[in-house]
Amino acid sequence: MLLVAGSAVAPPGAAAGPAPAPGRWVSGEFTNEAGTRRWSLYVPASLDPKGKPMLVVLLHGCTQDAADIARGTRIAEQAEKNGFLALLPEQPESANMKKCWNWYDSAHQGRDAGEPSIIAGLTAKIVKDYHADADRVHLAGISAGAAMASLVAVAYPEMYASVAFHSGLPWRAATNVAAALGVMAKGTEETLNLGLDAVKAMGPRKRPIPALIIQGGSDKVVNPANADGLARQWLVMNTEAIDARTGGMAGDEVSGETNGYHWKRVVFGDGPLTVDQLVVEELGHAWSGGSKAGTFTDERGPDAMAEMVTFFRAHPRGR
(Lines give C-alpha, C1' and ligand atoms only; values in the text may rest on other atoms or scores of the structure.)
Protein backbone atom coordinates (compact mmCIF):
# COMPACT_ATOMS: atom_id res chain seq x y z
CA MET A 1 0.00 0.00 0.00
CA LEU A 2 1.10 3.54 -0.69
CA LEU A 3 0.48 5.77 2.30
CA VAL A 4 0.53 9.52 1.80
CA ALA A 5 1.31 11.45 4.95
CA GLY A 6 -1.09 14.11 6.11
CA SER A 7 -0.40 17.74 6.84
CA ALA A 8 -1.77 20.16 9.41
CA VAL A 9 -4.32 22.50 7.86
CA ALA A 10 -7.27 24.70 8.69
CA PRO A 11 -10.57 22.91 9.36
CA PRO A 12 -11.71 20.90 6.30
CA GLY A 13 -13.57 23.07 3.84
CA ALA A 14 -11.52 26.20 4.65
CA ALA A 15 -13.86 29.16 5.08
CA ALA A 16 -16.87 26.85 4.90
CA GLY A 17 -15.45 24.41 7.43
CA PRO A 18 -16.60 23.52 10.94
CA ALA A 19 -16.72 26.10 13.71
CA PRO A 20 -13.32 26.84 15.26
CA ALA A 21 -12.27 24.38 17.96
CA PRO A 22 -9.25 24.32 20.29
CA GLY A 23 -7.77 21.25 18.61
CA ARG A 24 -6.41 20.95 15.09
CA TRP A 25 -7.55 19.44 11.80
CA VAL A 26 -5.11 17.36 9.79
CA SER A 27 -5.82 16.39 6.18
CA GLY A 28 -4.23 14.12 3.65
CA GLU A 29 -4.76 11.40 1.06
CA PHE A 30 -4.66 7.64 1.33
CA THR A 31 -3.99 5.42 -1.67
CA ASN A 32 -4.06 1.68 -2.18
CA GLU A 33 -4.74 -0.63 -5.12
CA ALA A 34 -8.46 0.30 -5.01
CA GLY A 35 -7.94 4.04 -5.34
CA THR A 36 -7.27 7.29 -3.51
CA ARG A 37 -9.45 9.11 -0.97
CA ARG A 38 -8.91 12.34 0.90
CA TRP A 39 -9.41 12.38 4.64
CA SER A 40 -9.68 14.84 7.52
CA LEU A 41 -8.72 14.06 11.11
CA TYR A 42 -9.61 16.07 14.19
CA VAL A 43 -6.94 15.93 16.90
CA PRO A 44 -8.39 17.46 20.08
CA ALA A 45 -6.39 19.68 22.38
CA SER A 46 -7.71 17.52 25.22
CA LEU A 47 -5.86 14.47 23.90
CA ASP A 48 -3.68 12.84 26.54
CA PRO A 49 -0.16 12.80 25.03
CA LYS A 50 0.75 9.76 27.13
CA GLY A 51 -2.43 7.80 26.45
CA LYS A 52 -3.78 5.73 23.57
CA PRO A 53 -6.92 7.54 22.38
CA MET A 54 -10.16 6.16 21.04
CA LEU A 55 -10.66 6.60 17.29
CA VAL A 56 -14.06 7.25 15.70
CA VAL A 57 -14.33 6.85 11.91
CA LEU A 58 -17.35 8.71 10.47
CA LEU A 59 -18.63 8.20 6.90
CA HIS A 60 -20.69 10.98 5.31
CA GLY A 61 -23.83 10.54 3.20
CA CYS A 62 -24.54 11.38 -0.44
CA THR A 63 -23.74 14.96 -1.60
CA GLN A 64 -21.82 15.57 1.63
CA ASP A 65 -18.11 15.82 2.35
CA ALA A 66 -15.91 15.79 5.43
CA ALA A 67 -16.45 19.48 6.22
CA ASP A 68 -20.21 19.20 5.87
CA ILE A 69 -20.65 16.21 8.15
CA ALA A 70 -18.20 17.68 10.66
CA ARG A 71 -20.35 20.81 10.90
CA GLY A 72 -23.65 18.97 11.02
CA THR A 73 -22.69 16.41 13.65
CA ARG A 74 -20.43 18.64 15.77
CA ILE A 75 -18.02 15.73 16.00
CA ALA A 76 -15.07 17.99 16.87
CA GLU A 77 -16.98 19.25 19.90
CA GLN A 78 -17.58 15.67 21.05
CA ALA A 79 -13.96 14.73 20.33
CA GLU A 80 -12.76 17.64 22.42
CA LYS A 81 -15.12 16.82 25.27
CA ASN A 82 -14.24 13.12 25.32
CA GLY A 83 -10.62 13.14 24.15
CA PHE A 84 -10.85 10.98 21.03
CA LEU A 85 -9.59 11.21 17.45
CA ALA A 86 -12.22 11.75 14.73
CA LEU A 87 -11.43 10.50 11.22
CA LEU A 88 -13.60 11.58 8.28
CA PRO A 89 -12.85 9.82 4.96
CA GLU A 90 -14.22 11.59 1.90
CA GLN A 91 -15.85 10.20 -1.25
CA PRO A 92 -15.08 12.31 -4.37
CA GLU A 93 -17.37 12.99 -7.30
CA SER A 94 -14.94 11.03 -9.46
CA ALA A 95 -15.99 7.87 -7.61
CA ASN A 96 -19.70 8.69 -7.52
CA MET A 97 -21.47 11.68 -9.09
CA LYS A 98 -23.38 12.37 -5.87
CA LYS A 99 -20.41 11.52 -3.64
CA CYS A 100 -22.25 8.46 -2.31
CA TRP A 101 -20.23 5.54 -1.03
CA ASN A 102 -20.91 2.71 -3.50
CA TRP A 103 -22.55 0.37 -0.98
CA TYR A 104 -24.83 -1.21 -3.61
CA ASP A 105 -22.00 -2.25 -5.95
CA SER A 106 -20.67 -5.79 -5.45
CA ALA A 107 -17.18 -4.52 -6.28
CA HIS A 108 -17.28 -2.55 -3.02
CA GLN A 109 -18.82 -5.12 -0.68
CA GLY A 110 -16.00 -7.35 0.48
CA ARG A 111 -12.57 -7.57 2.03
CA ASP A 112 -9.36 -6.50 0.27
CA ALA A 113 -11.18 -4.73 -2.55
CA GLY A 114 -12.94 -1.48 -3.36
CA GLU A 115 -13.94 1.17 -0.87
CA PRO A 116 -13.97 -1.10 2.21
CA SER A 117 -10.26 -1.75 1.68
CA ILE A 118 -9.57 1.98 1.38
CA ILE A 119 -11.48 2.84 4.55
CA ALA A 120 -9.89 -0.02 6.51
CA GLY A 121 -6.43 0.80 5.19
CA LEU A 122 -6.84 4.45 6.14
CA THR A 123 -8.09 3.42 9.58
CA ALA A 124 -5.00 1.27 10.11
CA LYS A 125 -2.77 4.14 9.03
CA ILE A 126 -4.29 6.56 11.54
CA VAL A 127 -4.17 3.98 14.36
CA LYS A 128 -0.45 3.53 13.68
CA ASP A 129 0.48 7.15 13.06
CA TYR A 130 -1.44 8.56 16.03
CA HIS A 131 -0.96 5.65 18.43
CA ALA A 132 -4.68 5.08 18.83
CA ASP A 133 -6.01 2.26 20.98
CA ALA A 134 -6.65 -0.65 18.60
CA ASP A 135 -9.32 -1.96 20.99
CA ARG A 136 -11.23 1.33 20.80
CA VAL A 137 -11.64 1.92 17.08
CA HIS A 138 -15.29 2.53 16.16
CA LEU A 139 -17.11 3.06 12.87
CA ALA A 140 -20.18 5.17 12.09
CA GLY A 141 -22.04 6.60 9.12
CA ILE A 142 -25.25 8.14 7.89
CA SER A 143 -27.35 6.95 4.94
CA ALA A 144 -24.96 5.70 2.21
CA GLY A 145 -22.18 6.12 4.76
CA ALA A 146 -24.06 3.87 7.20
CA ALA A 147 -24.63 1.29 4.49
CA MET A 148 -20.91 1.33 3.71
CA ALA A 149 -20.09 1.13 7.44
CA SER A 150 -21.92 -2.20 7.67
CA LEU A 151 -19.88 -3.55 4.75
CA VAL A 152 -16.59 -2.37 6.22
CA ALA A 153 -17.37 -3.75 9.69
CA VAL A 154 -18.19 -7.20 8.34
CA ALA A 155 -15.20 -7.19 5.98
CA TYR A 156 -12.82 -6.14 8.78
CA PRO A 157 -14.36 -7.36 12.07
CA GLU A 158 -10.96 -7.54 13.73
CA MET A 159 -10.49 -3.78 13.26
CA TYR A 160 -13.67 -2.17 14.61
CA ALA A 161 -14.86 -2.59 18.19
CA SER A 162 -18.41 -1.41 17.49
CA VAL A 163 -20.45 0.31 14.80
CA ALA A 164 -23.23 2.92 14.62
CA PHE A 165 -25.71 3.34 11.78
CA HIS A 166 -27.79 6.49 11.25
CA SER A 167 -30.53 6.11 8.61
CA GLY A 168 -28.74 3.04 7.30
CA LEU A 169 -29.46 -0.15 5.39
CA PRO A 170 -28.74 -3.82 6.06
CA TRP A 171 -25.42 -5.36 5.10
CA ARG A 172 -25.28 -6.32 1.41
CA ALA A 173 -29.01 -5.66 0.98
CA ALA A 174 -28.50 -4.73 -2.69
CA THR A 175 -25.96 -5.44 -5.43
CA ASN A 176 -27.19 -2.98 -8.08
CA VAL A 177 -28.86 0.43 -8.30
CA ALA A 178 -32.37 -0.89 -8.95
CA ALA A 179 -32.24 -3.19 -5.93
CA ALA A 180 -30.79 -0.39 -3.81
CA LEU A 181 -33.71 1.90 -4.64
CA GLY A 182 -36.13 -0.89 -3.77
CA VAL A 183 -34.51 -1.54 -0.40
CA MET A 184 -34.43 2.16 0.42
CA ALA A 185 -38.15 2.44 -0.40
CA LYS A 186 -39.43 -0.72 1.27
CA GLY A 187 -36.69 -2.53 3.17
CA THR A 188 -35.88 -6.21 2.62
CA GLU A 189 -37.27 -9.47 3.97
CA GLU A 190 -33.90 -11.20 3.64
CA THR A 191 -32.28 -9.80 6.77
CA LEU A 192 -32.15 -13.09 8.69
CA ASN A 193 -30.37 -14.90 5.84
CA LEU A 194 -28.15 -11.88 5.27
CA GLY A 195 -27.15 -12.02 8.93
CA LEU A 196 -26.04 -15.62 8.54
CA ASP A 197 -24.27 -14.72 5.30
CA ALA A 198 -22.41 -11.93 7.12
CA VAL A 199 -21.04 -14.45 9.62
CA LYS A 200 -19.81 -16.60 6.73
CA ALA A 201 -18.24 -13.54 5.11
CA MET A 202 -16.26 -12.87 8.30
CA GLY A 203 -14.72 -16.31 8.06
CA PRO A 204 -12.12 -17.13 10.72
CA ARG A 205 -12.17 -13.50 11.92
CA LYS A 206 -15.82 -13.69 12.98
CA ARG A 207 -16.80 -11.97 16.19
CA PRO A 208 -19.85 -10.17 17.54
CA ILE A 209 -19.85 -6.43 16.87
CA PRO A 210 -22.06 -4.25 19.11
CA ALA A 211 -24.30 -2.03 16.98
CA LEU A 212 -26.22 1.20 17.55
CA ILE A 213 -29.02 1.91 15.08
CA ILE A 214 -30.55 5.41 14.86
CA GLN A 215 -33.46 6.02 12.50
CA GLY A 216 -36.03 8.69 11.73
CA GLY A 217 -39.55 7.33 11.97
CA SER A 218 -40.67 9.83 9.31
CA ASP A 219 -37.78 9.21 6.90
CA LYS A 220 -39.01 9.33 3.28
CA VAL A 221 -35.62 8.44 1.77
CA VAL A 222 -34.66 5.37 3.80
CA ASN A 223 -37.78 3.51 4.93
CA PRO A 224 -37.77 2.95 8.71
CA ALA A 225 -38.30 -0.75 7.97
CA ASN A 226 -34.57 -0.81 7.30
CA ALA A 227 -33.84 -0.05 10.96
CA ASP A 228 -35.83 -3.14 11.95
CA GLY A 229 -34.02 -5.12 9.26
CA LEU A 230 -30.64 -3.95 10.50
CA ALA A 231 -31.53 -4.88 14.07
CA ARG A 232 -32.66 -8.38 13.05
CA GLN A 233 -29.64 -8.91 10.83
CA TRP A 234 -27.11 -7.71 13.39
CA LEU A 235 -28.72 -9.72 16.20
CA VAL A 236 -28.57 -12.90 14.11
CA MET A 237 -25.00 -12.07 13.14
CA ASN A 238 -23.88 -11.44 16.73
CA THR A 239 -25.54 -14.46 18.29
CA GLU A 240 -24.40 -16.75 15.48
CA ALA A 241 -20.86 -15.50 15.92
CA ILE A 242 -21.00 -16.52 19.60
CA ASP A 243 -22.81 -19.85 19.81
CA ALA A 244 -24.54 -20.67 16.51
CA ARG A 245 -27.98 -19.57 17.80
CA THR A 246 -30.26 -17.92 15.25
CA GLY A 247 -33.18 -17.22 17.57
CA GLY A 248 -34.07 -13.73 18.71
CA MET A 249 -33.73 -12.06 22.10
CA ALA A 250 -36.27 -10.09 24.07
CA GLY A 251 -35.42 -6.38 24.09
CA ASP A 252 -35.58 -3.85 26.89
CA GLU A 253 -37.72 -0.91 25.77
CA VAL A 254 -37.82 2.70 26.94
CA SER A 255 -39.37 5.80 25.37
CA GLY A 256 -39.14 9.54 25.83
CA GLU A 257 -39.13 13.01 24.27
CA THR A 258 -36.24 15.31 23.36
CA ASN A 259 -36.84 18.84 22.07
CA GLY A 260 -40.37 17.96 21.00
CA TYR A 261 -39.44 14.75 19.16
CA HIS A 262 -40.65 11.44 20.55
CA TRP A 263 -38.37 8.43 20.53
CA LYS A 264 -38.35 4.77 21.43
CA ARG A 265 -35.26 2.74 22.28
CA VAL A 266 -35.07 -1.05 22.32
CA VAL A 267 -31.86 -2.71 23.50
CA PHE A 268 -31.26 -6.36 22.67
CA GLY A 269 -28.58 -8.33 24.46
CA ASP A 270 -25.63 -6.86 26.33
CA GLY A 271 -21.87 -6.64 26.15
CA PRO A 272 -20.55 -7.75 22.74
CA LEU A 273 -24.02 -8.94 21.70
CA THR A 274 -25.63 -5.52 22.12
CA VAL A 275 -27.95 -4.24 19.40
CA ASP A 276 -29.34 -0.84 20.42
CA GLN A 277 -32.14 0.56 18.24
CA LEU A 278 -33.25 4.19 18.66
CA VAL A 279 -36.16 5.40 16.48
CA VAL A 280 -37.08 9.11 16.55
CA GLU A 281 -40.69 9.32 15.41
CA GLU A 282 -40.87 12.82 13.87
CA LEU A 283 -37.36 12.74 12.38
CA GLY A 284 -36.97 12.60 8.60
CA HIS A 285 -33.82 11.78 6.62
CA ALA A 286 -31.57 13.91 8.79
CA TRP A 287 -28.97 13.69 11.54
CA SER A 288 -30.84 13.73 14.84
CA GLY A 289 -29.97 16.61 17.18
CA GLY A 290 -27.50 18.01 14.65
CA SER A 291 -26.44 21.52 13.71
CA LYS A 292 -28.14 23.50 10.95
CA ALA A 293 -24.62 24.45 9.81
CA GLY A 294 -24.53 21.09 8.01
CA THR A 295 -26.84 19.50 5.43
CA PHE A 296 -29.34 16.73 6.23
CA THR A 297 -29.55 17.66 9.89
CA ASP A 298 -32.37 18.34 12.34
CA GLU A 299 -31.67 20.27 15.52
CA ARG A 300 -34.50 18.50 17.32
CA GLY A 301 -34.42 14.99 18.75
CA PRO A 302 -31.64 13.19 20.67
CA ASP A 303 -28.08 14.26 19.83
CA ALA A 304 -27.00 11.36 17.59
CA MET A 305 -23.30 12.15 17.88
CA ALA A 306 -23.46 12.16 21.67
CA GLU A 307 -25.44 8.90 21.56
CA MET A 308 -22.78 7.30 19.37
CA VAL A 309 -19.90 8.45 21.55
CA THR A 310 -21.61 7.13 24.68
CA PHE A 311 -22.19 3.80 22.92
CA PHE A 312 -18.61 3.60 21.67
CA ARG A 313 -17.14 4.36 25.09
CA ALA A 314 -19.23 1.53 26.56
CA HIS A 315 -18.09 -1.04 23.98
CA PRO A 316 -14.32 -1.41 23.67
CA ARG A 317 -13.27 -4.61 21.98
CA GLY A 318 -12.59 -7.66 24.14
CA ARG A 319 -13.49 -6.08 27.47
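The exercises below, each with a worked solution, concern a predicted model of one protein.

**Exercise 1. Overall composition**

Determine how many helices and strands the protein has, and what share of its residues counts as buried.

Solution. Begin with the secondary structure: the protein contains eight helices and 14 strands. Next, turn to burial: 56% of the 319 residues count as buried. Finally, consider the contacts with a separation of 6 or more: 67% of these are between residues 24 or more positions apart.

**Exercise 2. The largest pocket**

Describe the volume of the largest pocket and the residues that line it.

Solution. The volume of the largest pocket is about 430 Å³. Of its 20 lining residues, Cys62, Lys98, Cys100, Ser143 and Met184 are the closest to the centre. Sorting the lining by class gives 13 nonpolar, six polar and one charged residues. As to origin, helix 5 (residues 177–186) supplies the largest share, with four residues.

**Exercise 3. The cavity and Asp68**

Establish how many cavities of 30 Å³ or more the structure has, and examine the part played in the lining by helix 1.

Solution. The principle of the search comes first: rolling a probe the size of a water molecule over the atoms shows where empty space is left. Across the whole structure, one cavity of 30 Å³ or more is found. The largest cavity holds about 40 Å³ of space. Its lining comprises four nonpolar, five polar and one charged residues. Helix 1 (residues 66–73) gives the largest share, four residues. Among the lining residues are Asp68, Ile69, Trp287 and Phe296.

Asp68 can now be followed further. Its relative accessible area is 5%, so Asp68 is buried, the limit being under 20%. Asp68 forms a salt bridge with Arg71, with 3.9 Å between the closest N and O atoms. The two residues are separated by about one helical turn because they stand three residues apart in helix 1.

**Exercise 4. Two further salt bridges**

From the ten salt bridges in the structure, analyse those of Asp133 with Arg136 and of Glu307 with Arg265.

Solution. In the first pair, the closest N and O atoms of Asp133 and Arg136 are 3.1 Å apart. Asp133 has 11% relative accessibility and therefore counts as buried, whereas Arg136, at 24%, counts as partly exposed.

In the second pair, the corresponding distance between Glu307 and Arg265 is 2.8 Å. This bridge links distant parts of the chain, since Glu307 belongs to helix 8 (residues 304–314) and Arg265 to strand 11 (residues 261–268), 42 residues apart. Glu307 is partly exposed at 21%, and Arg265 is buried at 16%. Through shared partners, salt bridges join Arg265, Asp276 and Glu307 into one network.

**Exercise 5. A charged residue with no salt bridge**

Find where Glu80 lies, and state which side chain of opposite charge is nearest to Glu80.

Solution. Glu80 is located in helix 2 (residues 75–82). Although buried, Glu80 has no salt bridge. The nearest oppositely charged side chain is that of Arg24, at 9.8 Å, while a salt bridge requires the nitrogen and oxygen to be within 4 Å. Leaving aside residues up to four places away in sequence, Glu80 touches Pro22, Gly23, Tyr42, Pro44, Ala45 and Ser46.

**Exercise 6. A loop residue**

Decide whether Ala34 is buried, partly exposed or exposed, and name the residues that Ala34 touches.

Solution. Ala34 occupies the loop between strand 3 (24–32) and strand 4 (35–43). With a relative accessible area of 36%, Ala34 is partly exposed. Beyond four places in sequence, Ala34 touches Gly114, Ser117 and Ile118. The C-alpha atoms of Ala34 and Pro116 are 9.2 Å apart, with these positions 82 residues apart along the chain.

Key
Residues numbered from 1 in each chain as written. Predicted model: local features only at pLDDT ≥ 70, side-chain atom pairs only at ≥ 80, totals over all residues. Heavy atoms only, no water. Buried < 20%, exposed > 50% of the residue type's maximum accessible area, 1.4 Å probe, protein only. Lys, Arg positive; Asp, Glu negative; His and termini not counted. Contact = heavy atoms within 4.5 Å. 1 Å grid on protein atoms, 1.4 Å probe; cavity = no way out; pocket = protein on both sides within 12 Å on 5 of 7 lines; lining within 4 Å. Points joined across faces, edges and corners; volume = space filled by probe spheres on them. Nonpolar A, V, L, I, M, F, W, Y, C, P; charged D, E, K, R; others polar.
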